[in-house]
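Here are my notes on the model, point by point. Please read them with the structure open.

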Amino acid sequence: MGLKVGELAVKFGCSIVGNPDAEVDHVATLRSAGERSLSFLANPAYRKYLPESEATAVVVAEAHADVVAGAAIVAQDPYLIYARMARMLHPRQAPAAGIHTAAVIDAAASVSEGASIAAGVVIDAGASVGAGSVVGAGTYFGPGTKIGRDCWIGPNVTLMADVHLGDRCVVHPGAVIGSDGFGIARGPEGWEPVPQVGGVRIGDDVDVGACTSIDRGAIEPTIIGNGVKLDNQIQIGHNCIIGEHTVMAGMVGIAGSTTIGSNCAFGGNSGTTGHLTITDGVVITARCTVTSDIETAGTYGGVFPHDDIRNHQRSVARFRKLDTLARQVKALERALADKDNS
Amino acid sequence: MGLKVGELAVKFGCSIVGNPDAEVDHVATLRSAGERSLSFLANPAYRKYLPESEATAVVVAEAHADVVAGAAIVAQDPYLIYARMARMLHPRQAPAAGIHTAAVIDAAASVSEGASIAAGVVIDAGASVGAGSVVGAGTYFGPGTKIGRDCWIGPNVTLMADVHLGDRCVVHPGAVIGSDGFGIARGPEGWEPVPQVGGVRIGDDVDVGACTSIDRGAIEPTIIGNGVKLDNQIQIGHNCIIGEHTVMAGMVGIAGSTTIGSNCAFGGNSGTTGHLTITDGVVITARCTVTSDIETAGTYGGVFPHDDIRNHQRSVARFRKLDTLARQVKALERALADKDNS
Amino acid sequence: MGLKVGELAVKFGCSIVGNPDAEVDHVATLRSAGERSLSFLANPAYRKYLPESEATAVVVAEAHADVVAGAAIVAQDPYLIYARMARMLHPRQAPAAGIHTAAVIDAAASVSEGASIAAGVVIDAGASVGAGSVVGAGTYFGPGTKIGRDCWIGPNVTLMADVHLGDRCVVHPGAVIGSDGFGIARGPEGWEPVPQVGGVRIGDDVDVGACTSIDRGAIEPTIIGNGVKLDNQIQIGHNCIIGEHTVMAGMVGIAGSTTIGSNCAFGGNSGTTGHLTITDGVVITARCTVTSDIETAGTYGGVFPHDDIRNHQRSVARFRKLDTLARQVKALERALADKDNS
């Protein structure tokens, strides 16, 4: 499928410098671009590649338009406009609608017309799949699980009982939603299980990454707001509430009963201890551990950058005596003051 | 199913303040409780919700009984008693016994009467499933895998060859038990595999969380003791031995050949390096890294709490020169002493 | 199957001290070894077990040969030679060739003669499986996925569209290769997806651990070089390039667009931020976070060892005022210098 550069520009409200009749049919990086390719410039460090790029068209900010060798599509937010054009050129491939003969659908489950259910899928009683949704091979839907319209659920996903997803959600392979929260009580002969009967409620336009797990609530549901984007290998504990449009990079861990505001961002392998409240608009840098409530929007960090191993080990050894060092400084200050006074 | 509050109290050895004939049929939090609900108070911070709570009955310690609006079920350990009552009200749903026609069971495998095998399950030769055990959709049992009685194995679980589980074990979706340990030897042309022929031996009443992986031993089996509870996304390396009733929160990583005592507790994303020995009764706080043997029961930590990003970056920059700082302090002490002596 | 010790020695270029006609048929640790067992000594700390070991034969360095009770197989690199002999004694069990009747293979997919496809496998159009390769139960191959000869793909693995593996690759259960990279662009109403159209290209002799995820590239493929060994629960972000023979222990996280050289080693739960370049021969210790390019081969660290919790908390409290402490030291130095000059 080829799209004319001029038509793309009009569709997304961009101006154009160059040939509007050129056609593009795939995306490319500036350096690897060839015929019929669409590229973009978002990071100014790559401006140097513009003059030599063989891209048919490049989405750029106005300041870079004159350097583009092919057609320049001028946008205020080039990355966002690129994303939209790329979705036209590369729509997510939708398999044919219908239920594969090797899927096992309970008689009391409901699959809407136009949904696509792959081989090996198992859907239990009371579950429902909305119109236009796609369910990949080997995926399991527990009793009462509901997904809305136009969702894309990858292969080998597990949605346990009473998990509800809104519309246009994406769940990548290996993800598990609605597994039991980690609820145990110490008895005289060992740990005893505490039933986890809350489900999971997930809004619209939520993405859940590969091998990410979201636990069901202990009593009330775990809640994921509209537009939340979760990368791979994330763990969300029971009873958490994640606010709208919050994003988390890979390997983030949110311990149970934590409430996170909207429009927050968590860097890779950052995390929180449990029972915290974090306000809207908080940015947590990679690997940082949040150990108490955060009431003020802003950026918080905690990562230690890599260091030459010997220097690091020396620093660590000193760190473990840092309290002593601080006391020595205090004593020195006092001794010096005594000298001044004597 | 409704249960009379008075009968519950008697069954679990509790006294009661209020109407013993009231019935409960589900659990609720104090704040969301409505008709026919059972709640509990374990954290005194929530005592303030007792007078207004519409719970039909609340499990509480004696000191709080007089504040309960409905019936008070008085227990020495309210959370434990609540857990037991909740298990009566919300037993884990057991699907009908029998083998689904879309499961594939090797002729040389054994499934006990009363077990339930879902669609898409594949069980290889020599594997056996004990009476009353439930195996979820899409789960795989390798050759010689054995699980005991009344286990609950979720959907999309993988148990590789020669993995043995005791009775009443729970394995959540996406978990992998018995994958190869990470054994490689450097050869002249690259890393060569070292066969991993030990299996995995898991005791009774063990829980394994979603997406958790437990590697098989290199030569002898990896061992998980009775009553161990593992949360989600945990990695247990080959040859580890985990003592009875030890618990681990999500994302803990235990490197290979580490032996951990009984009744230990590991906070979220804590971990150990390999070939360590940790004694009984050790508590490791969240995100802490254990790098050497621990011979004394107690609590050990290592996490850095989040901080304002600029303050954190300043501290980190100083940290990397902490050895120099300590030497400066030493020099100051000497200079001051010289002055005193002069 | 029994193998004569003398024949093993000849086959792998080793000399022998003891009875060459003794037979071994399995591996064992020195302490647990019994009849017909092969063991090894790689770590000198275990030399003390040699005299008492009942192993039929032990692979050792020359210096230890005279202490071996049974036959000593003398090798320059005992662990490597042990690995090779162990692979003869314990070859990976290959199920019978052929396609199980409960597998679902698209008419436009290609499975070579001699490959083994288990029950519940789903292979989409355009995918191909090389000769001698084994695919475990419940595994999914997306459109255009290709694996070479003699690969072993475990059960419940997911390979999404356009993932290519070379020969002799091993992928453990629960792994996901080719899931979407985490590409989102902020729009006026929330995060919008950026299509991830690059695939994944994996070389020969690559191992991928259980529950490990490798994302597809945004535009060009994510690349894993020959001989790379990845343990469990690892996350490799989109657009990464991992050099040949690099190894990573469990729970490592490599953020997107990072290029790592060859023959590097990453300790457990270490990681990098994104868009970095790391040269060849770099060793990153467990839990270390790489936050900037590394241009010099060597070992880099960043982990804080566990500490008594109270001492740790004191150190942390001081750490957060480390900048202030450093300024105090500077002031003291100045005050002392003033004294000297007065």
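Which residues in helix 4 of chain C do R314(B), S315(B), R318(B) and F319(B) meet?

1. **Helix 3 of chain B against helix 4 of chain C.** This is a predicted model. The residues met in helix 4 of chain C are L322(C), D323(C), A326(C) and R327(C). On the other side of this contact, R314(B), S315(B), R318(B) and F319(B) belong to helix 3 of chain B.

2. **Packing geometry.** Two packed helices are described by the angle between their axes and the distance between the axes. For helix 3 of chain B and helix 4 of chain C, the angle is about 55° and the axes are 8 Å apart. That angle makes helix 3 of chain B oblique to helix 4 of chain C.

3. **The buried side of helix 3 of chain B.** This helix spans residues 309-319. Its buried residues include I309(B), N311(B) and H312(B). S315(B), V316(B) and F319(B) are buried too. They cover an arc of only 160° around the axis, so they sit on the same side of helix 3 of chain B. An α-helix has 3.6 residues a turn, so residues three or four places apart point the same way.

4. **What covers that side.** The cover draws on chains A, B and C. From chain A, it includes strand 39 (298-301) and helix 3. Chain B itself adds strand 40 (307-308) and helix 4. Chain C adds helix 3 and helix 4 (322-341).

5. **Start of helix 3 of chain B.** Check D308(B) here. One of its side-chain oxygens comes to within 3.0 Å of the backbone nitrogen of R310(B).

6. **Salt bridge from chain A to chain B.** R314(A) and D323(B) form a salt bridge through their side chains, at 3.8 Å from N to O. R314(A) lies in helix 3 (residues 309-319) of chain A and D323(B) in helix 4 (residues 322-341) of chain B, so the pair joins two chains. The partners differ in exposure. R314(A) is partly exposed, at a relative accessible area of 40%. D323(B) has 10% relative accessibility and counts as buried, because the cut-off for buried is under 20%.

7. **Salt bridge from chain A to chain C.** D323(A) and R318(C) also pair through their side chains, at 2.7 Å from N to O. This pair crosses between chains, from helix 4 (residues 322-341) of chain A to helix 3 (residues 309-319) of chain C. D323(A) is buried, with 11% relative accessibility. R318(C) is partly exposed, with a relative accessible area of 30%.

8. **Salt bridge within helix 4 of chain B.** E333(B) and K330(B) meet at 4.0 Å, N to O. Both lie in this helix, three residues apart, which is about one turn. Each is partly exposed: E333(B) at 24% relative accessibility, K330(B) at 42%. Elsewhere, shared salt-bridge partners join R314(A), R318(A), D323(B) and R327(B) into one network. Over all chains, the count comes to 40 salt bridges.

9. **T289(A).** Is this residue buried or exposed? T289(A) is buried, at 5% relative accessibility. Its place is strand 38 (residues 289-290) of chain A. The T289(A) side chain makes a polar contact with the side chain of R287(B), at 3.5 Å. Leaving out residues up to four places away in sequence, T289(A) touches G271(A) in its own chain. In chain B, T289(A) touches R287(B), V303(B), F304(B), P305(B) and H306(B).

Key:
Residues are numbered from 1 along each chain as its sequence is written. Chains are lettered from A and ligands numbered from 1 in the order in which they are written. This is a predicted model: local features need pLDDT of at least 70, side-chain atom pairs count only at pLDDT 80 or more; totals for chains, interfaces and linings use all residues. Side-chain values use heavy atoms; hydrogens and water are left out. Helices (H or I, at least four residues) and strands (E, at least two) are DSSP runs, numbered from the N terminus. Buried means under 20% relative accessible area, exposed over 50%, partly exposed in between (1.4 Å probe, protein chains only). The arc is that of the directions from the helix axis to the C-beta atoms. Contact means heavy atoms within 4.5 Å. A polar contact is a pair of N or O atoms within 3.5 Å; within protein, one must be able to donate a hydrogen and the other to accept it, and residues adjacent in sequence count only if both atoms are side-chain atoms. Axes are lines fitted to C-alpha atoms, for helices over the stretch in contact, and angles run from 0 to 180 degrees between N-to-C directions. Angles under 35 degrees count as roughly parallel, over 145 as roughly antiparallel, 65 to 115 as roughly perpendicular and the rest as oblique.
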